[in-house]
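Visitor: Could you take me through one part of this model at close range? I would like to look at the aromatic side chains and at what surrounds them.

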Amino acid sequence: MKTSQPAEFGDEELVTLAQKGQREAFEVLVERYQTKAYRIAFDFTRDREEAKDLSQEAFLRAFIHLKSFDLRAGFYTWFYRILVNLCLDYRRRRGRVSWEPLDEKSEKADGKDGVASVVRSPDQGAMTEEFSRRIEKALAELPLKQRTAFILKNHQDLSIHDIAKVMQSAEGTVKVHIHRAVVALRQKLAEFA
Amino acid sequence: MVRHEHTLQGACKEFEQDLVLYYYEECAGPERSRAEKHLQSCALCQQFLADLRRLLPLTIKQDEPPQVFWQSYSKEVRRKLATAEQKGRWWSDLAALLRPWPVPALATALVLILALTLTFGKRVWRPQDLPPEEEGVMEILPMAENLEFFKAMDMLDSLELLEAGAGLGNGSA
C-alpha cells in the first residue's frame, strides 16, 4: 500500500494535521509558500533582510494562530492577509521608504544577487537606472491601498477575488484601486519608455 | 530608451477600467465582448492597452536570492516554529493546572477560611483590648452618669471608683 508523503498533501490536509500538533505538516506549508511570501514582502520593503524578517514573522503568526483558522477560506488567502497586514504596518511605521533601484544595490554587492547584470552602453545604463528610479518613485507615490492591490495583482498575479479576501475589501473596490494605480503609473512612466 | 514626444492621452473614460481588467485577463462576459468590440475601432484605447503591455511588466523587479539564502531561511523558520511550539506547551501545561477541579476547590476553601475568620475572629479580638484595671471603669462608667441611682442603691463600696469614673465622664458631658 502506497503511503502519501506530506509534500503531496493539499493545504487543507496539512493545516488539519498541523492543528492536531504536527509541526512538520506546517513546515511543508512554509516550504510551499516561502518564495511567494518573501516576494510579496520584498515588493513592500525593497530590502532583503526586512523581507525575510516580515515573511518569517507572518509564518510564525500563522502557526501560533492556526487553531483559529477555520478552513472555510483557503490557507494561502488567510496567510497572505497576515503577511500583507504586517507589510502595511511596516510601511506605516517606516513612513516613506527610500526606494533604491534594485540594480544599484546588486552592483554594490557582489553582483550575483538580485537582478542579473546586463552588458550595456553607458547611455543605456544611465537611462535604465533613471527609469528604474522613476518606477520606484511612481510606486512609492501611490496611496497605500492602491499600491497593495496593484502589487498583489501585477507582481504576484493574485486574482481579484483573492485580493479582495486578502485586503478584506469588496471586489469592486479592488478593481477601482487597481484601475487608479495603473492609470497613475502609465501617466508617470509612458514618456520614459 | 526613447522619450515619446506626443501628449499622453487616456483611454475613453467609459472603457478605461474594463481595459485595465482586460489587460489582466480579469474581464469576462459582456464587459469583455464590449471592450474587444470597442478596441477594433478606437485608436486611443488601442494605444492605452499597448502602453499597459509595454510598461506594466517593467514595474516588476524581483529579488532572486541565492540558494544559501533559502537554506538559511528554512533553518531559521524551523527554529522559530520549534521555539513557538515550546512556549505554547508551557502555557498549555499552566492552563491545565488551572482547569477542572483544583480551581473551584481552592476557591471554596478560601471562602470558608474567610467566613470562619470573620465569624469567630470578632469574639477573640474585642475583650483583649482593655487592660484588666480599666475593665471595671468601663463597666461602671455608664452607671456613674446617674449618681442618684447609685445613691438610691447604696453602693458605698465603689464610691472612690465612682468619683474617678465621674471625672472621666465629665470630660464627655
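What follows is a close look at the aromatic residues and their surroundings.

Guide: Please bear in mind that this is a predicted model, and that a search of the whole structure finds 19 aromatic pairs over all chains. A good place to begin is the pair A:Phe59 and A:Phe79, whose ring centres are 4.5 Å apart and whose planes meet at 20°, so the pair counts as stacked, given that planes under 30 degrees apart are taken as stacked. This pair links distant parts of the chain, since A:Phe59 belongs to helix 3 (residues 48–64) of chain A and A:Phe79 to helix 4 (residues 75–94) of chain A, 20 residues apart. Both A:Phe59 and A:Phe79 are buried. A:Phe79 also pairs with A:Tyr80, but here the ring centres are 6.0 Å apart and the planes lie at 50°, so this pair is tilted; A:Tyr80, like A:Phe79, is buried.

These rings belong to a wider group, for A:Phe26, A:Tyr33, A:Phe59, A:Phe63, A:Phe69, A:Phe75, A:Tyr76, A:Trp78, A:Phe79 and A:Tyr80 form one aromatic cluster. Within that cluster, A:Phe26 deserves a second look: leaving aside its neighbours within four places in sequence, A:Phe26 is in contact with A:Ala18, A:Phe59, A:Ala62, A:Phe63, A:Leu66, A:Phe75 and, from the other chain, B:Leu81. A:Phe26 is also, together with A:Phe75 and A:Ile178, among the residues with the most contacts inside the largest nonpolar core, which has 83 residues. The largest share of this core, 12 residues, is contributed by helix 2 (residues 23–45) of chain A. As a general point, nonpolar side chains in soluble globular proteins tend to be buried together.

Helix 2 of chain A also holds a charged residue, A:Arg23. Its side chain makes a polar contact with the side chain of B:Glu85 at 2.7 Å, and, again leaving aside neighbours within four places in sequence, A:Arg23 is in contact with A:Phe63, B:Leu81, B:Ala82 and B:Glu85. B:Leu81 is therefore a residue that appears in the contacts of both A:Phe26 and A:Arg23, while A:Phe63 is a member of the aromatic cluster. A second arginine, A:Arg48, places its charged end over the ring of B:Phe69, 5.9 Å from the ring centre.

Definitions and conventions. Residues numbered from 1 in each chain as written. Chains lettered and ligands numbered in written order. Predicted model: local features only at pLDDT ≥ 70, side-chain atom pairs only at ≥ 80, totals over all residues. Heavy atoms only, no water. Phe/Tyr/Trp six-rings, centres within 6.5 Å; stacked < 30°, edge-to-face > 60°. Helix = DSSP H or I, 4+ residues; strand = E, 2+ residues; numbered from the N terminus. Buried < 20%, exposed > 50% of the residue type's maximum accessible area, 1.4 Å probe, protein only. Lys NZ or Arg CZ within 6 Å of the ring centre and 35° of its normal. Core = buried A, V, L, I, M, F, W, Y, C linked by side-chain atoms within 4.5 Å. Contact = heavy atoms within 4.5 Å. Polar contact = N/O pair within 3.5 Å; in protein donor to acceptor, adjacent residues only side chain to side chain.
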